[in-house]
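Grab a pencil and open the viewer. Here are some short exercises to work through, each with a solution you can check yourself against.

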Amino acid sequence: MTFTPTKYKLMNCGTGRVFEDEGWTLTDPQGDGPALVRAVYEKKTFELRKDLDGFYKFADWLPIQRTLLHSHVPVTYRSTALAGYLGLENLYITFSGYFPKIGAQMETCSFKETEAYSVCARLPEKHDKVLVVASAGNTARAFAKVCSDNNIPLLLSIPLDNISALWFHKPLNDCVKIIAAPQGGDYFDAIMLGDKVCEAAPDKFMAEGGAKNIARRDGMGTTLLSAVEVTGRIPDAYFQAVGSGTGSIAVWENNLRLIEDGRFGKHRMRLYPSQNSPFTIMYDSWKAHSRKLVPLSADEARSQAAEIKAKVLSNRKPPYSLAGGLFDAMNDAGGDMFKVTNNELEVWKERFQTLEGIDIYSAASVAVASLAQAVESGAVAKDELIMLNITGGGEALTKKHHEVVYAKPDLVIDTFLPAGEIADMVEKLF
């Protein structure tokens with residue numbers, strides 16, 4: 001079956017200007033300030049594509065040119081055990097990971113697969129550049145798996161300290177290459193390496209774009225579509241741990257689309273993102289009700305990132321302040337931010353496994369702990385419909401069920417090297 005590309009335009013979230021996508025547009029070329037662009041889909045009603053497999057059942061609200069092989073979806077189910085423990089009547093868990101008992105089959109155990117299957121499908125079949133993705137771990141694993149399975153050239157840039165996150169069910173296809181920032185580096189160092197490659201060799205490499213890429217956000221936004229598919233309506237409150245806040249922005253955007261549809265409610269669900277203390281740059285900024293991020297030096301950020309257990313939640317330049325970013329999303333939707341200590345996340349990680357029967361990542365555990373805080377503080381009512389986004393889990397189970405192999409970096413590169421020198425080294429890998 002031939003797939004017909006999804007029809008949509010782009011809107012500047014700062015000015016409201018609507019314009020055409022040139023294929024990989026990440027910002028409005030006529031924009032006059034920092035702003036996300038949002039996809040405005042021709043189809044205004046939310047319907048599942050029964051003719052497409054896996055993740056692509058959400059294709060009507062994905063900015064894609066094609067479909068890819070071996071995709072899986074987040075799975076939403078009504079909680080009884082955790083809900084009962086917290087005294088909640090309508091708690092729905094959207095689980096992205098490996099949990100065959102409920103039908104969740106994501107090989108990489110993370111909702112980052114939703115980003116990868118959307119972003120990579122935004123690329124036309126015949127494109128001649130190497131996609132560059134910087135990641136602290138889960139995103140790298142997801143993009144590597146999707147690109148490897150579908151023969152899409154990919155350059156991953158990661159911090160060397162996070163290399164253990166790059167495990168797979170089988171060795172990677174040669175189209176995927178990995179570079180790493182040296183020991184002691186963080187996610188921002190990995191971003192810097194990737195940026196230098198794209199800057200020095202734009203004819204050969206293209207930046208994935210992170211939160212600015214509509215395909216990344218709308219891929220992540222399928223978590224809400226999964227929940228609405230099960231509940232039949234927009235939830236009242238949404239919980240997720242955040243490093244960049246992109247997932248919370250994404251569900252807010254799909255919330256607005258669902259309101260436009262009109263059949264699932266006309267309300268905005270309150271957003272409750274959470275961070276792992278002491279890395280709380282967005283929490284601190286939100287509590288000060290400041291659009292501008294509170295100051296955080298590179299040294300402070302590295303020190304805080306080293307301290308937290310949920311390493312993936314350590315983005316020091318998140319899309320918080322710009323138009324359409326997390327500050328705007330929360331101002332529009334309502335809600336609050338929480339911070340969770342390492343001790344709290346460990347307690348709730350164990351408790352979740354006991355109650356729900358599956359292991360979860362530290363980041364997902366931060367979200368569970370924040371839900372418990374919200375219940376205790378009265379931020380949510382016991383009869384409200386609550387969506388808990390478990391962004392990753394089942395790694396222990398998948399490693400019990402499958403043999404795994406670990407990838408190694410092709411190059412470890414000092415971030416202080418000139419961009420041209422870095423690009424020359426990397427080009428030789430492809």
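The exercises below use a predicted model, and each one comes with a worked solution.

**Exercise 1. Work out how many disulfides the structure has, and why Cys 109 is not in one.**

Step 1: Recall what you're looking for. A disulfide is a covalent bond between the sulfur atoms of two cysteines.

Step 2: Search the whole structure. The count comes out at zero disulfides.

Step 3: Check Cys 109. Its closest cysteine sulfur belongs to Cys 147 and sits 18 Å away, and the cut-off for a pair is 2.5 Å, so that's too far for a bond.

Step 4: Try Cys 198. Here the nearest cysteine sulfur is again that of Cys 147, 14 Å away, and Cys 198 is in no disulfide.

**Exercise 2. Decide whether Cys 109 and Cys 198 are buried or exposed.**

Step 1: Set the cut-off: buried means under 20% relative accessible area.

Step 2: Compare. Cys 109 has 0% relative accessibility, so it counts as buried. Cys 198 has a relative accessible area of 13%, so it is buried too.

**Exercise 3. Check whether the length of helix H12 agrees with 1.5 Å a residue, then find out how enclosed the helix is.**

Step 1: Find the helix. H12 covers residues 362–377, which makes 16 residues.

Step 2: Work out the expected span. Take 1.5 Å times one less than the number of residues, and you should get 22 Å for H12.

Step 3: Compare with the model. The end C-alpha atoms of H12 are 22 Å apart, which agrees.

Step 4: Look at burial. In H12, 12 of the 16 residues are buried, so the helix is largely enclosed by the rest of the structure. Among the buried ones are Ser 362, Val 366, Leu 371 and Ala 374.

Step 5: Step just past the end of H12. There you meet Gly 378, with a positive phi of about 85 degrees.

**Exercise 4. Describe where Glu 253 sits and which residues it touches.**

Step 1: Place Glu 253. You'll find it in helix H7, residues 246–261.

Step 2: Check burial. With a relative accessible area of 1%, Glu 253 is buried.

Step 3: List its contacts, leaving out residues up to four places away in sequence. Glu 253 touches Arg 38, Arg 217 and Asp 218.

**Exercise 5. Find the largest cavity and sort its lining.**

Step 1: Search for cavities of 30 Å³ or more. You get one, with a volume of about 30 Å³.

Step 2: Name the lining: Thr 45, Phe 46, Glu 47, Phe 58, Asp 60, Trp 61 and Leu 225.

Step 3: Sort these residues. They divide into four nonpolar, one polar and two charged.

Conventions: Residues numbered from 1 in each chain as written. Predicted model: local features only at pLDDT ≥ 70, side-chain atom pairs only at ≥ 80, totals over all residues. Heavy atoms only, no water. 1 Å grid on protein atoms, 1.4 Å probe; cavity = no way out; pocket = protein on both sides within 12 Å on 5 of 7 lines; lining within 4 Å. Points joined across faces, edges and corners; volume = space filled by probe spheres on them. Nonpolar A, V, L, I, M, F, W, Y, C, P; charged D, E, K, R; others polar. Buried < 20%, exposed > 50% of the residue type's maximum accessible area, 1.4 Å probe, protein only. Helix = DSSP H or I, 4+ residues; strand = E, 2+ residues; numbered from the N terminus. Contact = heavy atoms within 4.5 Å.
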